[in-house]
Amino acid sequence: MLPLVSVILPCYNTENHIESALRSIMQQDYPNLEIIVIDDRSSDSSWEIIQALALEDTRILAVRNEENLRLIKTLNKGIQLSRGQYIARMDADDMSDPARIGKQVAYLEQDRDVDMVATCATYISEKGFSLGRLNFHGCYDAVSAAFVTIFECPFLHPSIVIKGELLRNVGYPDQPATYHIEDYALWMQLIRAGHRLEIIPERLMSYRVSYQGVSQSNSELQFSRGLHMATQYFYDILGIHPNVLWFTILRQGADKIQSLDELVASIHYLEEVANQYISTYSRDEKCSRSIRAWCNERILRVLWLSSVRSKLSASSKLYVVFLLLPKYFFRSFHLGRLKNIYFHFQFMAKRRIFK
């Protein structure tokens with residue numbers, strides 16, 4: 001018997017995309033699913049679409065909240081309704097590859113020590129244009145992904161499959177400090193507790209970028225709350241308090257840079273943090289290389305943002321562009337890094353064209 005997978009799909013006013021999202025789950029190669037779709041009192045036709053699809057597929061459990069509970073309470077409600085050995089997440093405006101859940105379950109069944117597995121994805125615009133790839137940062141094993149978590153969320157939330165009993169025991173944290181970053185807070189909590197969270201380096205989802213989405217409209221709140229949580233996570237992982245200014249810059253707070261000295265100091269700080277983390281946690285050469293490669297790419301991104309968004313003087317920006325950027329670009333140069341940089345700029349360009 002294939003293990004039962006409970007797919008939790010919350011929905012709120014996504015009438016334009018809910019059918020394609022739900023059908024992408026209905027058409028999975030993996031058959032043993034229960035599909036829990038919870039409508040959070042949509043004011044558009046989302047609920048009618050969900051009801052119609054539920055008549056086509058008996059695996060769909062269609063639920064409508066009596067009042068608007070918002071995302072965290074809706075997710076926790078879905079978790080408590082679930083019965084599966086594994087729980088999969090899905091968002092109402094994304095699409096899953098037909099092989100997605102089958103590959104994730106096979107990964108978890110092959111290595112029972114892994115507690116959660118996410119995937120990579122393809123960015124798509126509101127109208128479905130391909131914008132590039134997402135989550136190809138190279139840190140896919142549990143140790144390197146835990147390092148990346150210090151600086152950003154490496155796991156694509158709607159792509160995860162996690163052990164059901166684990167998620168039913170912990171749930172998503174529901175406090176004001178975790179609103180809009182509930183997934184990031186949960187990953188930190190699980191990593192601290194010793195759970196292994198990993199990533200399949202395949203694009204098994206299409207992830208929709210919306211200018212009206214929760215992430216876009218709450219980006220400043222996400223940054224400040226994420227910084228606060230990551231500061232504590234940094235201390236828990238490494239046993240030292242981070243330098244708040246340098247840490248903020250490295251988490252892509254380029255607008256906080258006041259001088260070239262601060263920029264250079266933050267870069268050296270990242271290298272020191274990586275060395276300490278590797279000496280503490282990584283005994284695998286491949287894992288260590290992936291962490292160092294990620295650090296070099298983060299440095300390149302910080303340098304580029306500092307040249308276009310910071311308060312540096314014109315002469316300092318020229319120094320960054322003509323001296324620092326080439327130095328770190330060619331350090332440990334490899335084709336994979338060039339591809340990542342190319343796809344990043346490709347995404348930024350396409351995002352402006354195909355809204």
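A disulfide is a pair of cysteine sulfur atoms within 2.5 Å. Keep that cut-off in mind as you begin this tour of a predicted model.

**Stop 1: the cysteines**

Select Cys139 and look for the cysteine sulfur closest to its own. You will land on Cys287, with the two sulfurs 7.3 Å apart, which is too far for a bond. How many disulfides does a search of the whole structure find? The count is 0. While Cys139 is still selected, look at what surrounds it: its relative accessibility is 0%, so Cys139 counts as buried. Now jump to Cys11, which counts as buried because its relative accessibility is 2%.

**Stop 2: the whole chain**

Zoom out and show the chain as a cartoon. You can look for 14 helices and 9 strands. Along the principal axes, the C-alpha atoms fill a box of roughly 65 × 45 × 40 Å. What radius of gyration would a compact globule of 355 residues have? It would be near 20 Å, and the chain has 21 Å, which agrees. Of the 355 residues, 52% are buried. Next, think about which parts of the chain touch. Taking contacts between residues at least 6 apart in sequence, 77% join residues that are at least 24 apart.

**Stop 3: a hairpin**

Select residues 114–124, which are strand S6, and then residues 130–134, which are strand S7. These two strands pair in the antiparallel sense over 4 bridges. To see how they line up, pick Thr122 and find Arg133 in S7 standing opposite. S6 and S7 form a hairpin, with 5 residues between them. Click on Gly128 in the turn, where phi is positive, at about 100°. Is S7 mostly covered or mostly open? Colour S7 by accessibility and you will find it mostly covered, with 4 of its 5 residues buried.

**Stop 4: helix H3**

Move on to residues 70–81, helix H3. From the first C-alpha to the last, the 12 residues of H3 reach 17 Å, close to the 16 Å expected at 1.5 Å a residue. Show the side chains of Ile72, Thr74, Leu75, Asn76, Gly78 and Ile79, which are buried in H3. What covers them? The cover includes strands S1 (5–11), S2 (33–39) and S4 (86–89), together with helices H6 (164–170) and H7 (182–192).

**Stop 5: helix H13 and its kink**

Now select residues 314–330, helix H13. Try the distance tool on the end C-alpha atoms of H13: they are 24 Å apart, and 17 residues at 1.5 Å a residue should span 24 Å, which agrees. Where is the kink in H13? Centre your view on Val320, where there is a kink of about 35°. Val320 is also one of the buried residues of H13, along with Ser316, Leu324, Leu325 and Tyr328. Add helix H11 (260–281) and helix H12 (285–309) to your view, and you will have the helices that the buried residues of H13 pack against.

**Stop 6: Tyr328**

Finish with a close look at Tyr328, which sits in helix H13. Why does Tyr328 count as buried? Its relative accessibility is 3%, and buried means under 20%. Leave aside the neighbours within four places in sequence, and Tyr328 is in contact with Ile267, His268, Glu271, Asn296, Ile299, Leu300 and Leu303. As a last exercise, select Glu297 as well: it lies 31 residues from Tyr328 in sequence, and in space the two are 8.4 Å apart, C-alpha to C-alpha.

Conventions:
Residues numbered from 1 in each chain as written. Predicted model: local features only at pLDDT ≥ 70, side-chain atom pairs only at ≥ 80, totals over all residues. Heavy atoms only, no water. Buried < 20%, exposed > 50% of the residue type's maximum accessible area, 1.4 Å probe, protein only. Contact = heavy atoms within 4.5 Å. Pairing = 2+ DSSP bridges. Expected span 1.5 Å × (residues − 1). Bend = angle between axes of the 7 residues up to and from the residue. Rg over C-alpha atoms; globule rule 2.2 N^0.38 Å.
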